[in-house]
Amino acid sequence: MTGQQFDLEKLRPAEHVFEPDPRNTMFVRVDRTNGTSRPIELADHHELISRYVLHAGVPSEIVLQFETARNVYLYAWFIYRFYPVAEHQCLACLELALRERLKEEIRMGKVKRKRPRLRLLLEYAVENGLVRNEGFSAWQNRGAINSRARVEMEKVREASEKNLTEWTVGESDIQITAEDLDWDYVKMLPDLLPMLRNDYAHGSTDLHNWSVRSFQIVSEIINQLWQSPA
């Protein structure tokens, strides 16, 4: 990056440890009431990841691993390449949680294999109602979210075909259809989440800051696996 005093991809010099990774400060927060914007700050970054919390009914060993993932995400403010590390840890925590919650079912042979993979654990949780559509904020807002996701994929496809370097999605582009409203959200999880986890586990060069989406999904799954004391 032009004007950068150190190589962002190498060990951070001690005197620059507490400086934000400039790739984070390229993003802005928009005030929808007056249309003004300002650069994202550490407080915004912290507020975003602090939304995703496991309730008191989740075993402490699971909470500890999830908190580790949240802290790695928090420190991605300083090291941008921590985002995929945080997401990998988050998905590993999900498998740990499912294995702990279903340990009796696994012991009794109700779940295929003595050490089932993440996909099999998720399939069992979904098929047996431990994880339901109603427990996900994305499903509760499924119409708008599905529509936006569809439009974004269309824009990405168009950009790829036309070799475009920039594209935008405006509110006027989001037209909710009946198909957008018909969404069995949990059915996609056994395919989506193991694919993400395996991509990291087998080595990946992906670099993005979207990992907070996995924190939302994983926290909502784990919070359904155990009853909240409240």
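A salt bridge here is a side-chain nitrogen of Lys or Arg within 4 Å of a carboxyl oxygen of Asp or Glu. With that in hand, hello everyone, and let me start with a pair that fits it. The side chains of Lys103 and Glu100 form a salt bridge, with N to O at 2.9 Å. Lys103 is partly exposed at 44% relative accessibility, and Glu100 also counts as partly exposed, at 24%. Please keep in mind throughout that this is a predicted model.

How many salt bridges does the structure hold? The total is 14, and I'd like to show you two others. As a general reminder, side chains of opposite charge can pair when their charged atoms come close.

Take Arg119 and Asp191. Their closest N and O atoms are 2.5 Å apart. This pair ties together distant parts of the chain, 72 residues apart: Arg119 sits in helix α5, residues 118–127, and Asp191 in helix α9, residues 185–201. Arg119 is partly exposed, with a relative accessible area of 29%, and Asp191 is partly exposed too, at 47%. Elsewhere, Arg29, Arg38, Asp44, Glu47 and Arg51 are joined into one network by salt bridges that share partners.

Let's zoom in on one link in that network. Asp44 and Arg38 meet through their side chains in a salt bridge of 2.7 Å, N to O. Which of these is buried? Asp44 is, with a relative accessible area of 8%. Arg38, by contrast, is partly exposed at 33%.

Now back to α5, since we have just met Arg119 there. Is this helix enclosed or open? Seven of its ten residues are buried, so α5 is largely enclosed by the rest of the structure. Those buried residues are Leu118, Leu120, Leu121, Leu122, Tyr124, Ala125 and Val126. What covers them includes α3 (82–101), α4 (103–107), α9 and α10. Just after α5, have a look at Gly129, which takes a positive phi of about 70°.

Two of those covering helices, α9 and α10, also pack on each other, so to speak, and here is how they are arranged. Their axes come within 12 Å and cross at roughly 120°. An angle of that kind makes α9 and α10 oblique to each other, and their crossing is left-handed. On the α9 side, the contact is made by Tyr185, Leu189, Leu193 and Leu196; on the α10 side, by Ser214, Ile217 and Ile221. By type, the residues of this contact are six nonpolar, one polar and no charged.

Helix α10, residues 212–225, has a second partner to show you: α2, residues 60–75. What angle do the axes of α2 and α10 make? They come within 12 Å and cross at roughly 165°. Angles over 145 degrees count as roughly antiparallel, and α2 and α10 are therefore roughly antiparallel to each other. Here, too, the crossing is left-handed.

Which residues meet? From α2 we have Ile62, Phe66, Ala69, Arg70 and Tyr73, and from α10 there are Val212, Phe215, Val218, Ser219 and Ile222. The residues of this contact divide into eight nonpolar, one polar and one charged. If the spacing of those numbers catches your eye, recall the general rule: an α-helix has 3.6 residues a turn, so residues three or four places apart point the same way.

That's my tour, and thanks for listening!

Terms used: Residues numbered from 1 in each chain as written. Predicted model: local features only at pLDDT ≥ 70, side-chain atom pairs only at ≥ 80, totals over all residues. Heavy atoms only, no water. Axes fitted to C-alpha atoms, helices over the stretch in contact; angles between N-to-C directions. Helix = DSSP H or I, 4+ residues; strand = E, 2+ residues; numbered from the N terminus. Parallel < 35°, antiparallel > 145°, perpendicular 65-115°, else oblique. Left-handed = near helix turned anticlockwise from the far one by under 90°. Contact = heavy atoms within 4.5 Å. Nonpolar A, V, L, I, M, F, W, Y, C, P; charged D, E, K, R; others polar. Buried < 20%, exposed > 50% of the residue type's maximum accessible area, 1.4 Å probe, protein only.
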